[in-house]
Amino acid sequence: MATESELNILKLQVEQREKAFALEEKMLESLTLQGKRTKGIAAQRKKMAELQKANNKMKSKQLELEVSMSAEMERQAKKMKTQAMLLGGLQKAISKIQDLSKRFSENTRATANTMHLNVNEAKKLNKEILGQLKGEKALQTNMKDVVATQSALSDAYGGSMKFTAEQAVNLDIASKKLGISNTQAAQFSSLMFATGESSQEVQIQLMAATKTLAKASGVKFDAVMSDIASSGKDVAGYFGTSGKELAIMAVQARKMGFELADVKSMSEGLLDVENRIEKQMKFNLLTGKNINLDKATALALEGDHAGMMKEVVKQAGNLDGLNQLEIKALNEALGVDIMKLKNAEALREQKEAQGISAASIAETEKMIRDGQMDEFLAKEVDRQLAATAEERRENFENNMLDKAAQQLGNMDEANNLALILQGIQMAIQGIMMFQGIAAMVKARSEQQAARAAAAQTPKLAAEASLRAASAVSAITTNSAVTFGVGAVIALAAAGIGAAAMYALMSKPVPTPKVTPSGDVGIDPNGGPVVMSPKEGGIFQGTKNDGVSMSPSHGTKGGGGMNIQPLIRKMDELISAVKSGRVISVDGYQLNEAIHLEKTPAGV
Amino acid sequence: MSKKQLKEGILDTAVKGVLGLWFGSKLIDRTAKKIAMKDPEVKQKVTELRDAIAEFDAIMAKYEK
């Protein structure tokens, strides 16, 4: 198998051969400059022809390798990306399934804790509830809220009754539509059950009717329901009244600023006749007023509590200017807090100003007493929304997820699905982890390979430079016999430069594993090529750049010896020799004719 | 899902997506290269290139003499 480091080394080797080829080409150019009589030109031409062929083949093979490698890499990468996508998708799917499994577990635990059930009972209850949450109901509420309502029902009935999931769902939705808490709804249901209204349908109808009556009476339905929840049982037990009457009484009390509990205490006070008369006389003596609560007592006895409250308010009259003793006496005589009586009067005036219709209230109360409550149910429940648009969306999403979790839970019970999924998940994660480790190891080995390749490069560069130096040497020798001193001086300068370069390249590089041959190469076709193990790369200058190295060079860049002027001079010199012009070197006049005459025989 | 959750979700996905794409592509390219080098056709091309270099060197050596 070819490794990446091998490929890198091959690339560097090809580059070095190309440089060597370029040097050979330069050498041929130089030899050609000396004229056709030079003996080595023919041999160099032959060598160049063979090298050209070999170089072309080498480049062609390199290109073929790159094309082949690139195509194969692309094919493999595509395949792996598809695999990665599939693996990622599978992992995501498993993750979602695990989320559902967790959701099922959490739902079961939450229901078990809320309802004080064991796991199996909680699972069964959840299953029943989810079975009820279908169609429109799935948008109006969710399992969590229904379980809370179920718990509220259980608490309100003192654990004496068992409720079906359907009852809990219906009550939960009704409470939301009526705008009351599930606790208030459950306590109302419990109270209605205690007063003989055992049907849940009737209970919900009565809640709707109470709301209609509260609205007609200008009182807050929520406050009425709170009164019923807090003291409904006491009041119902005391008066022995029906659920319907209790609801009407609660609205009437609120309408006059009282609470349901006040009706009971007022009635108790009035019906304790001896004490009531004594307290009434005491108040009359203290204030000089003449209140008479006989009629109110009679109304209490008749069970006309609304009439009783009205009469009490009427008898109390104007309460302004009463002192502390007088207030206490009145409170004792009436059985309620005087401040509420003040509220009652103010509220009565307010209701009159609002145009609250007594006829409408009476009509509603009559319908409640007659059990004609379908209209109220339709108006206050059926036509109302239990949730906002966003809540409906959330409810639907939660219910769907809970149902999916439920089904998964059933499968899990049969097959230990959660454990299987966990195993698959771990396997995928394991594969990905090993891939990651392999990639790191690979990166490490490539780094080492690159270092090894870097260590090879200076050797190749040195070899190429050696060839360059020998070429310069050959040119110099030939020039000496062909062109004379001027050309020799110029070419010798280049030879010295190359030799100096080679010598400097042999200087040890302070990099581990790099042989002391220097890290410089010269590309005759381009600028100098420098490989820096420290910088981790190969750099090439332009044709205008030169390179020289010594202990005083290379600190900040831009320094060093510039041999370009010398090369230019060399070119001028060669050109002058070729054109046969008279030239002067070190004060001596030279020309081509003189030197050509001095050419040794046989050259 | 609230806007805040959506925002966090998008940010989370974006960060994971960018990092995943970057490192995932690197990993895939690296592994694809490794596998490609095992391909018989690629191995054949490597051998041919080695031979071509050796041929070049042989010519150089021949004329050194």
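What is the mean pLDDT of chain B, and what share of its residues reach 70 or more? Colour chain B by pLDDT (the predictor's confidence in each residue, from 0 to 100): the mean is 87, and 97% of the residues of chain B reach 70 or more. This is a predicted model, in which local features need pLDDT of at least 70 and side-chain atom pairs count only at pLDDT 80 or more, while totals for chains, interfaces and linings use all residues. Residues are numbered from 1 along each chain as its sequence is written, and chains are lettered from A and ligands numbered from 1 in the order in which they are written. For the complex, the predictor gives an ipTM of 0.81 and a pTM of 0.55.

Next, select the side of chain B that touches chain A, where 28 residues of chain B are in contact (C-beta atoms, placed from the backbone, within 7 Å) with 32 residues of chain A. Two or more residues come from each of α1 (3–37) and α2 (40–64) of chain B, helices being DSSP runs of H or I with at least four residues, numbered from the N terminus. With 14 residues, α2(B) gives the most to this side.

Then move to chain A and select helix α7 (residues 182–194) with helix α8 (residues 200–217), whose axes come within 10 Å and cross at roughly 115 degrees; axes are lines fitted to C-alpha atoms over the stretch in contact, and angles run from 0 to 180 degrees between N-to-C directions. Show the side chains of A:Ala185, A:Phe188, A:Ser189 and A:Met192 in α7(A), which meet A:Gln200, A:Gln203, A:Leu206 and A:Met207 in α8(A).

Conventions:
Two residues are in contact if their C-beta atoms, placed from the backbone, lie within 7 Å.
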